[in-house]
Amino acid sequence: MDDQNKNLILATALSFIVILVWFVLFPPPEPTPTDPNAVVSAEGQAVLPTASTDQGVATAGSNAGAADVEPATEAERVSIETERLKGSISLLGGRIDQLALKDYRESLEEGSPIVDLLSPTGSNSPYYALYGWAPGAGLSFEQVPGPNTIWNAPAGSALTIDTPVTLSWDNGAGLRFSREISVDKDFMFSVTQSVENTGDGTVSLAPYGILARHGEPKDLKNFFILHEGVVAMSDGELTETDYSDMPDFDINPNEGARADVTQVANEGWVGFTDHFWMTTLIPAPGPFKSTAKYDERRDIYQTEAVLPTQKLAPGASTAVTTQLFAGAKEWDTIRAYEKAGVEGFIDSIDWGWFFFLTKPIFAVLHYLNAFIGNMGWAIIGLTFLIKLVLFPLAYKSNVSMAKMKALQPQMEKIKENAGDDKQKLQQDMMAMYKKEKVNPASGCLPILVQIPIFFSLYKVIFVTLELRHAPWLGWITDLSAPDPSSILNLFGLLSFSPPEAGSIFAIFSLGILPIILGISMWMQQKLNPAPTDPTQAMIFAWMPWVFMFMLGSFASGLVVYWIANNTITFTQQYLIMRSQGVKPDVFGNIKASFKRKPKEE
């Protein structure tokens, strides 16, 4: 068996196995039913409520809710309007519970609505940010602002970049609360909570922020390569917990629910991340309690940032500021927030196991896209750069393969002389390799090196927002989605729609790019004659077309990379082999592959 064919089969098989494992490792869990009017119970060092609508606030160990109030959707609202955000704040609890992203549409269809990030209770998928004060010694829930507190706002108030909004509430028992909310030009809110003690006694209370999500997201991807769920940074340590893992938290008696609690000493943040969007609570530097919580009875997912308890003597006041990120996971924007002081914020993007590759790959891709102005051509440019970096290794490999090809007559002679003596055959082969300074395994190295690069680029294309709805040319309008064309309707010439994704026939609905990919792999094989061994020949004959069907449902940006990579590899290998005195008979090998082989008698 030809050694270079062995190496190529091994590397290709490994690639195939690893890619195949992606699709079978973690099957998606069944969705859990959602109760949109749920209430979470909680109790601990600072007793925290969670938002409810008409049910009031319940705490661990309590049997009844607090006051009956109107649903959040019917409370008075303060509008939010910036160049990038649109929404409103409910005066019921002062919740930030309506927020849409003006720059992003749900799909590429004409008239598609903008993306809704936060939604109030009473909607199909309630998801909101809530702030308040947890009562300490000498206070009850009724004496501090919580989920059902009706706040006051000046008439005509509207939150814009230039006009913060200040909410106020007096408990009638000596405590005056205010909350100033501001927003920047992108996705960062600042919430300053203050309280003044005008009473006669000392009180204790702790400020908190909550992100509450009723049920799992409706558009959960449930894909192994993507993290969706809790994302938290605690003193430089990143923690990621999938939504599906939160019901497995141990019940924490202090929290009154299944919870994972981390005491942060210096800096950190906690929130929820989806495929392209994220909400994050970011306290000012200093200690706080970071909590991820799940109420299995009411199917509510929650993250909390609870700051240290404040003691207020009569006449004293205090104020704390917490930031809230609520928006798109744009690399540039998140990187700017990290530079502004949010520790490790760039790691809120799911870079995966190969973060040491995915981070620089995306950075280069980002700058190429900014320079070229088209993400598809930027991917091709990135492919050239990757091949340039790997060129010394590829050159050495191809030179070795060319020498192996030139040594083929000597190898056949050694095999003939050794006969059935395998030990002698191996010794003579190794002696020849040493004499000719040839490494038979070196031909496999560039392919093996490309496997983590392939995975890393796939991770970048799948996870990062910048490729969402990014066009390339013609029919490719979204590089993060599969090629929309189909051979079944002759790429649009016939007037019927191809099978949709998920159909058993969808695998046959190949687009133009996957077909070009298969042809490029097939052409790469034709640099060498077909193996003489029938099994090898059959494997080689089928391999390009197997990969063509397998990668047909992958993101078109990845297929563009693979086509560019194959084309450059073909060119490199052809020129290097020619430089070593080996003249690949490409057209001859193509003609040979169509000849019918005579039957053996």
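These exercises work through salt bridges, a surface patch, a helix pair and some backbone details in a predicted model.

**Exercise 1. A strand-to-strand pair**

Task: Classify the contact between the side chains of Lys102 and Glu81, and place both residues in the fold.

Solution:
- Step 1. Take the distance. N and O are 2.4 Å apart.
- Step 2. Apply the cut-off. A salt bridge needs a side-chain nitrogen of Lys or Arg within 4 Å of a carboxyl oxygen of Asp or Glu. The Lys102 and Glu81 contact is a salt bridge.
- Step 3. Place the partners. Lys102 is in strand E3 (residues 95-105), and Glu81 is in strand E1 (residues 77-81). The pair therefore ties together parts that are 21 residues apart in sequence.
- Step 4. Check exposure. Lys102 has 26% relative accessibility, so it counts as partly exposed. Glu81, at 33%, is also partly exposed.

**Exercise 2. Two pairs that involve strand E17**

Task: Find the salt-bridge partners of Lys289 and Lys293, and decide whether these pairs are buried or exposed.

Solution:
- Step 1. Lys289 pairs with Glu255 at 2.8 Å, N to O. Lys289 belongs to strand E17 (residues 288-295), while Glu255 sits in the loop between strand E13 (251-252) and strand E14 (257-264). The two are 34 residues apart.
- Step 2. Lys293 pairs with Glu304, with the closest N and O atoms 2.8 Å apart. Lys293 is in strand E17 and Glu304 in strand E18 (residues 300-306), eleven residues apart.
- Step 3. Buried means under 20% relative accessible area. Lys289 and Glu255 are both buried. Lys293 and Glu304 are both buried too.

**Exercise 3. The whole set**

Task: State how many salt bridges the structure holds, and name the residues linked in a network.

Solution:
- Step 1. Searching the whole structure gives 18 salt bridges.
- Step 2. The network links Arg84, Asp103, Lys185, Asp186 and Glu330.

**Exercise 4. A helix pair**

Task: Describe how helices H3 and H4 pack.

Solution:
- Step 1. Pick the descriptors. Two packed helices are described by the angle between their axes and the distance between the axes.
- Step 2. Read the values. H3 (residues 355-372) and H4 pack at about 125°, and their axes are 8 Å apart.
- Step 3. Name the arrangement. Angles of 65 to 115 degrees count as roughly perpendicular, and those over 145 as roughly antiparallel. H3 is therefore oblique to H4.
- Step 4. Add the hand. The H3 and H4 crossing is right-handed.

**Exercise 5. A nonpolar surface patch**

Task: List the members of the nonpolar patch that includes Trp377, and give their joint accessible area.

Solution:
- Step 1. The members are Phe371, Ile372, Trp377, Leu473 and Trp475.
- Step 2. Together they have about 520 Å² of accessible area.
- Step 3. Look at one member. Trp377 lies in helix H4 (residues 375-389). Its relative accessibility is 41%, so Trp377 counts as partly exposed.

**Exercise 6. Positive phi and a long-range approach**

Task: Locate Asp299 and His469, two non-glycine residues with positive phi, then find how far Met401 is from Met577.

Solution:
- Step 1. Asp299 has phi of about 55°. It lies in the loop between E17 and E18. At 3% relative accessibility, Asp299 is buried.
- Step 2. His469 has phi of about 60°. His469 lies in the loop between helix H8 (445-463) and helix H9 (512-525).
- Step 3. Met401 is in helix H5 (residues 391-406). With 17% relative accessibility, Met401 counts as buried.
- Step 4. Met401 and Met577 are 176 residues apart along the chain, and their C-alpha atoms are separated by 8.2 Å.

How values were computed. Residues numbered from 1 in each chain as written. Predicted model: local features only at pLDDT ≥ 70, side-chain atom pairs only at ≥ 80, totals over all residues. Heavy atoms only, no water. Patch = residues over 30% accessible without salt bridge, like charges linked within 9 Å, V, L, I, M, F, W, Y side chains within 5 Å. Areas by Shrake-Rupley, 256 points an atom, 1.4 Å probe, with all protein chains shown as cover. Helix = DSSP H or I, 4+ residues; strand = E, 2+ residues; numbered from the N terminus. Buried < 20%, exposed > 50% of the residue type's maximum accessible area, 1.4 Å probe, protein only. Axes fitted to C-alpha atoms, helices over the stretch in contact; angles between N-to-C directions. Parallel < 35°, antiparallel > 145°, perpendicular 65-115°, else oblique. Left-handed = near helix turned anticlockwise from the far one by under 90°.
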